[in-house]
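I opened my notebook to look this structure up piece by piece. Here is what I wrote down.

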Amino acid sequence: MKSSYELAMERLNASDPAKAKPLSTEKKKALAELDTKYKAKIAEREIFLKKQLDEAIEKRDAKEYEAIQKQVVSERARLTAEMEEAKERLRAE
């Protein structure tokens with residue numbers, strides 16, 4: 001098992017700009033497309049869940065409202081993580 005110091009050093013070395021290879025124009029375009037795609041997915045989920053939040057407010061259901069709020073945060077985090085993974089795979093190619 002690695003110590004936190006070793007893990008931090010690995011991350012530091014991995015993020016070293018001197019070692020990073022420059023991105024081609026095609027990869028930059030692909031990364032921009034990924035950004036656009038996932039931002040749209042996030043917006044779509046937030047719009048859908050906003051409707052449910054409004055319904056919960058109308059029903060005055062605090063538990064449902066809180067559950068939907070948690071779902072909004074969870075969905076946003078999941079999609080953002082998914083986007084970052086896709087970007088890392090693209091950069092690694």
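**Entry 1: the order of elements**

I started at the N terminus and read along the protein chain: the elements run α-α-α. I counted three helices and zero strands. The model is predicted, and I looked up its confidence next. The mean pLDDT of the protein chain is 86. I noted that 89% of the residues reach 70 or more. Which element has the lowest mean pLDDT, and which the highest? Helix 1, residues 4–14, has the lowest, at 74. Helix 2, residues 25–59, has the highest, at 93.

**Entry 2: the chain as a whole**

How many of the 93 residues count as buried? I found 17%. The accessible surface comes to about 7600 Å². Carbon and sulfur atoms hold 57% of that surface. Then I looked up contacts with a separation of 6 or more. Residues 24 or more positions apart account for 66% of them.

**Entry 3: helix 1**

I looked for a nonpolar patch on the surface. Y5, M9 and L12 make one of about 320 Å². I picked M9 from this patch and placed it in helix 1. Is M9 buried or partly exposed? I have M9 down as partly exposed, because its relative accessibility is 32% and the partly exposed class lies between 20% and 50%.

**Entry 4: helix 2**

Helix 2 has 35 residues. I checked its reach from the first C-alpha to the last and got 51 Å. That is close to the 51 Å expected at 1.5 Å a residue. Which residues of helix 2 are buried? My list reads K27, L31, L34, Y38, I42, L49, L53 and A56. What covers these buried residues includes helix 3. I also looked just past the end of helix 2. R60 follows there, and its phi is positive, near 55°.

**Entry 5: I68 in helix 3**

I moved on to I68, which sits in helix 3. Its relative accessibility is 6%, so I68 counts as buried. What does I68 touch, leaving out residues up to four places away in sequence? The answer is L49, Q52, L53 and A56. Three of these names were already in my notes: L49, L53 and A56 are buried in helix 2. I then checked I68 against Q52. They are 16 residues apart along the chain. Their C-alpha atoms are separated by 7.3 Å.

**Entry 6: K87 in helix 3**

K87 is found in helix 3, which spans residues 62–92. Is this lysine buried or exposed? K87 is buried, because its relative accessible area is 10% and the limit is under 20%. I looked up what K87 touches, again not counting residues up to four places away in sequence. I found L31, L34 and D35. L31 and L34 are on my list of buried residues in helix 2.

**Entry 7: salt bridges**

How many salt bridges does the structure hold? I noted 10, then followed a few of them.

The side chains of E75 and R45 meet in a salt bridge at 3.4 Å, N to O. This pair links distant parts of the chain: E75 is in helix 3 and R45 is in helix 2, 30 residues apart. E75 counts as buried, at 15% relative accessibility. R45 is partly exposed, with a relative accessible area of 25%.

E75 has another partner. Its side chain meets that of R78 in a salt bridge at 3.0 Å, N to O. Why are E75 and R78 about one helical turn apart? They are three residues apart in helix 3, so about one turn separates them. R78 counts as partly exposed, at 41% relative accessibility.

From R78 I went on to E82. Their side chains meet in a salt bridge at 3.3 Å, N to O. R78 and E82 are four residues apart in helix 3, so they too are separated by about one helical turn. E82 is partly exposed, with a relative accessible area of 29%. Salt bridges that share partners join R45, E75, R78 and E82 into one network.

**Entry 8: recap**

I ended by rereading my notes on helix 2 and helix 3. Helix 3 is part of what covers the buried residues of helix 2. The salt bridge of E75 and R45 also links these helices.

Terms used:
Residues numbered from 1 in each chain as written. Predicted model: local features only at pLDDT ≥ 70, side-chain atom pairs only at ≥ 80, totals over all residues. Heavy atoms only, no water. pLDDT = per-residue confidence, 0-100. Helix = DSSP H or I, 4+ residues; strand = E, 2+ residues; numbered from the N terminus. Buried < 20%, exposed > 50% of the residue type's maximum accessible area, 1.4 Å probe, protein only. Contact = heavy atoms within 4.5 Å. Expected span 1.5 Å × (residues − 1). Areas by Shrake-Rupley, 256 points an atom, 1.4 Å probe, with all protein chains shown as cover. Patch = residues over 30% accessible without salt bridge, like charges linked within 9 Å, V, L, I, M, F, W, Y side chains within 5 Å. Salt bridge = Lys/Arg side-chain N within 4 Å of Asp/Glu carboxyl O.
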